[in-house]
Amino acid sequence: QKNILYIKTFGPPKVQFNQQLLTLTLRQIEILCILILHPDGINLNELHYALYGDRNISEKTLKAEMSQLRTLIPDCILSRPYKLTCEIQTDFTRAEQSLNAGFLASTFSLYKGSFLAKSESPFLTTWRNCFDARLSHLIYQIQDIEPLLKIISHLPERIDAIQRVTELLPNECQHREYFLKLL
């Protein structure tokens, strides 16, 4: 039987391993996400930099985290290079695939808020910023108000969607004022 790791990162993070909910630290979830985004593997130095950047944190700390993760998800993490060997299902890689294909509805059905909003990992912060910029670009291409209203109803913090609605609504439209106040 194949091991399955499921990770939800949009909105509050959630991790399941073989359908069991795991209680992981943000740091452990960050490590798993970095490994997922490096399917061919990543060495200790690269993983350390992706996770901590220039912060003065010992590699022993990272090795301890890896050891804990190996206990929590046994037989799934290779070392030298570090690499996940189980089946992986994530909302963020599926959302990226939807975004790549230009499928707005499925992208937003997966997007429930910012990707690992509390993460300070330089690598994951860059991934989040790129994804959000691409999402914004897609929002500004929308020519119809309906999908924008759907986005705003689920994600009222998406200022880009609100701005796009105000651009599409005629100046004389009474609802335009409402959206302008939200900005």
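I looked up Trp 127 and found that this residue is buried in the predicted model, since its relative accessible area of 12% falls under the 20% that counts as buried.

I then looked up the aromatic pairs and noted that the structure holds 10 of them. I began with the rings of Phe 10 and Phe 131, whose centres are 5.5 Å apart and whose planes stand at 35°, so I wrote this pair down as tilted. Because Phe 10 sits in the loop between β1 (4–8) and β2 (14–17) while Phe 131 belongs to helix α6 (residues 122–141), the pair ties together parts that are 121 residues apart in sequence. I checked both residues for exposure: Phe 10 is buried with a relative accessible area of 0%, and Phe 131 is buried as well, with a value of 2%.

Next I came back to Trp 127 and its pairing with Phe 92, where the ring centres are 5.5 Å apart and the planes lie at 85°, so I entered this pair as edge-to-face. I saw that the pair links distant parts of the chain, with Phe 92 in helix α4 (residues 91–101) and Trp 127 in helix α6, 35 residues apart. Phe 92 is buried too, and I recorded a relative accessible area of 0% for this residue.

Last, I asked myself which residues form one aromatic cluster. I found that Phe 10, Phe 92, Phe 108, Tyr 111, Phe 115, Trp 127 and Phe 131 do, and I marked that both of the pairs I had looked up, Phe 10 with Phe 131 and Phe 92 with Trp 127, have their residues in this cluster.

Notes:
Residues numbered from 1 in each chain as written. Predicted model: local features only at pLDDT ≥ 70, side-chain atom pairs only at ≥ 80, totals over all residues. Heavy atoms only, no water. Phe/Tyr/Trp six-rings, centres within 6.5 Å; stacked < 30°, edge-to-face > 60°. Helix = DSSP H or I, 4+ residues; strand = E, 2+ residues; numbered from the N terminus. Buried < 20%, exposed > 50% of the residue type's maximum accessible area, 1.4 Å probe, protein only.
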